[in-house]
Amino acid sequence: MDQVPLLPHLDTLLTVVGAGIAVHLIFKKSEIYEPLVALPLIFGLPLALAFLYLPHAASFSKAALVVFPLFWASALTSIALYRISPWHPLAKYPGPLLCKLSKFYLAFMSIGGKQHLYYAQLHEKYGDAVRIGPSYNPSLMSGLFGHSPHSYPGPNEIVIRDVNAVAPILGNNGLPKGPFWDGRLPEKQVVKPLIAIRDKTEHTRRRRPWTRAFSTLALKGYEELVIKRVNQLVETLAAQPNPVDLTKWISYFAYDIMSDLAFGGGSEMMAEGDASGLWHLLEAGQKNAIFMGQVPWLGKLFFRYPKFAEDLKAFRAHATSRAVIRRKEISPHKDIFHHLMDEDSVASIPPTPEEVVSDGGLAIIAGSDTTSTAITHLFYCLMTNPKAYQRLQKEIDENSDNLMDGTKQAHMPYLNAAINEALRLFPPVLSGSQRTPDEGSGGKMLGSHFLPEGNNVFISTYALQRDPRCFSPLPDAFLPERWLTEDERIELEPKIFSNPNEFVHNTNAFIPFSQGPTNCAGKNLAYLEMRMAVCMMISRLEFKLDGKYNPQKWNDDMLDYFVTMKGVLPTIITPRKTPNFEVHH
């Protein structure tokens, strides 16, 4: 006996369409990412509607073949129309259509490691504020279903290249961090590392021991350790057969020194190589991490599965174990964890063991990968600009007496100019750090750009620091002279800097270590390491790119996975024959 339809055929189809739109509105308003809640809406509802449509079909399977595609098409169409409509909270910001429709477009692009170049291209095409993300809710299908602009602050996102937006975003009264880090950490990790803390008050509390660890007095205590490792680096480089992969050895140096400074020792990569594959783990996990940062709801789900992101998990487990060991042992010197663990008992509220351990990975990555990146970029820039190399070498030779005095290095003009210029062209974090307005604030003016609450923003550091409105002339060229005084600039490069009206040098746009209360806590340590390494390396060794190497390959191999992945840098290294320095084997 045939079933009697509850609704006419057309009305039944319209009901399915209406249900698809209703599900979009539900996800748009609610914060749902648990599969047990999301799946019934996405699959259970169309299944029930298939029974409603059954009287109009020959079988249930044929009813399902009509209902499911119509339901999902209705939801997707509703989503797409909303995301490109004038009612979207970021509708006034231009941007690529695919970025407006789905965050997955940018997430998959980021796996290629060239997002810093993509953002620069977007700014050239669309202007200073570009929309790069659609509506989002951390639901199982939130890559498809939108969210209310006042619910979970996901990648309803714009990227900005505007120096006037730096202070409102990153300054003392700037924005808290966005959900980028939520997808890079397991939900079960209740105590997060400092870099992932989004609550301003909590971040300020957790930041205090880091501030003590990088105080002027603490840095003075680290100098001897830095000098010892720099000496080891120079001797190791001198002993290698040419060509030498400078990237590898500077990375090993940075890892060894950070192990000394963070955990009281325990790493000898320069002596033994990466026998346990730790540097590989550090870098290999970043590709997964950048994807999960772009779609944090998916990262939260994937982290529940043991086999997912094994390299990333293995590195974090290693970092945690190093921190646990350090908690149980006494360091032979006052290292960074001496302050993080409050061994001097100066904190009014001592840190918990979980807080101390959670910062193990941060100490390694922030202290080694970023520093090695900065030093390697500088040597690339020097070797591809012989005039700058010679000027720096001359200044270092002229200060050969007590060259390893950190205070003296801090006042060497060309040394610091060269370091800053390399950091300007190649900031260690190429694409900046995501921010979002405070809940309940309604939004915030970022220079001339208004960001509604529930939406994210970040400054593309790479694009900003090469903006000709901030650094001219030749914003893409390595010119340390732009950091010197006017007289020095004109004396060294009269053809480039002779017209003062063409010179632009806006240091407010120089943010390689970010800015404000959430800037890089180890900035001063990084400068100390860079100055020490560069001074001793250039004073005792000569560096020249291997003649078979195409310098353009350096840029081609550079990948942006939040931290920067670098290619090989084949270098011909020879000891210098100078009266002041010898390399001993």
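This report walks through a predicted model, from its nonpolar cores to its strands, salt bridges and an annotated site.

## The cores

Let's start on the inside. The largest nonpolar core of the model takes in 108 residues. Within this core, the residues with the most contacts are Leu 237, Leu 246, Ile 336, Met 537 and Phe 543. Helix H24, which covers residues 523-540, gives the most to this core, with twelve residues.

Leu 237 is a handy place to look around. Leaving out residues up to four places away in sequence, Leu 237 touches Val 244, Leu 246, Trp 249, Met 537, Leu 541, Phe 543 and Ile 573. Apart from the 108-residue core lies another one, made of 14 residues. Val 16, Leu 41, Ala 63 and Val 67 are among the residues of that other core.

## Helix H3

Helix H3 runs from residue 60 to residue 83, so its 24 residues should span 34 Å at 1.5 Å a residue. The C-alpha atoms at its ends are indeed 34 Å apart, which agrees with that expectation.

H3 also has plenty to look at along its length. Its buried residues are Ala 63, Ala 64, Val 67, Phe 68, Phe 71, Ser 74, Ala 75, Ser 78, Ile 79, Tyr 82 and Arg 83. Two of these names, Ala 63 and Val 67, also turn up in the core of 14 residues.

## Strand E2 and its partners

Now for a bit of sheet. In a regular strand, side chains alternate between the two faces of the sheet. Strand E2 (residues 157-160) has Glu 157 and Val 159 pointing one way, while Ile 158 and Ile 160 point the other way. All four are buried.

E2 pairs with strand E1 (residues 129-131) through three bridges, and these two run antiparallel. E2 also pairs with strand E6 (residues 456-459), this time in the parallel sense and over four bridges. Val 159 is a good residue to follow here: it is the bridge partner of Val 130, and it stands opposite Phe 458 in E6.

## Salt bridges

How many salt bridges does the structure hold? There are 23. One of them stays within a single helix: Arg 205 and Glu 202 meet at 2.8 Å, N to O. Both residues sit in helix H8 (residues 200-213), three residues apart, or about one turn of the helix. Arg 205 is partly exposed, with a relative accessible area of 24%, and Glu 202 is partly exposed too, at 27%.

Other salt bridges reach across the chain. Arg 576 forms one with Asp 397, and their closest N and O atoms are 2.8 Å apart. This pair links distant parts of the chain, with Arg 576 in the segment after E12 and Asp 397 in helix H18 (residues 386-398), 179 residues apart. Arg 576 has 13% relative accessibility, so it counts as buried, whereas Asp 397 is partly exposed at 29%.

Arg 482 and Glu 421 form another salt bridge, with closest N and O atoms 2.9 Å apart. Arg 482 is in the loop between strand E7 (471-472) and helix H22 (486-492), and Glu 421 is in helix H20 (residues 413-425), so to speak a link over 61 residues. Both residues are buried. There is also a network, in which salt bridges that share partners join Glu 124, Asp 128, Arg 161, Asp 467 and Arg 469.

## Leu 569, a loop residue

Is Leu 569 buried or exposed? Its relative accessibility is 0%, so it counts as buried. Leu 569 lies in the loop between strand E11 (563-565) and strand E12 (570-575).

Setting aside neighbours within four places in sequence, Leu 569 is in contact with Val 244, Asp 245, Leu 246, Thr 247, Thr 376, Tyr 380, Met 383, Leu 545, Tyr 549 and Trp 554. The C-alpha atoms of Leu 569 and Lys 553 are separated by 9.1 Å, with the two residues 16 apart along the chain.

## The annotated site at Cys 520

One residue comes with a label from a record. An unreviewed UniProt entry places the feature "binding site" at Cys 520. In the model, Cys 520 is found in the loop between strand E8 (504-505) and H24.

Cys 520 is partly exposed, with a relative accessible area of 27%. Leaving aside neighbours within four places in sequence, Cys 520 is in contact with Arg 207 and Phe 513.

Technical notes:
Residues numbered from 1 in each chain as written. Predicted model: local features only at pLDDT ≥ 70, side-chain atom pairs only at ≥ 80, totals over all residues. Heavy atoms only, no water. Buried < 20%, exposed > 50% of the residue type's maximum accessible area, 1.4 Å probe, protein only. Contact = heavy atoms within 4.5 Å. Salt bridge = Lys/Arg side-chain N within 4 Å of Asp/Glu carboxyl O. Pairing = 2+ DSSP bridges. Expected span 1.5 Å × (residues − 1). Core = buried A, V, L, I, M, F, W, Y, C linked by side-chain atoms within 4.5 Å. UniProt positions renumbered as here; feature names shortened; annotations may be inferred.
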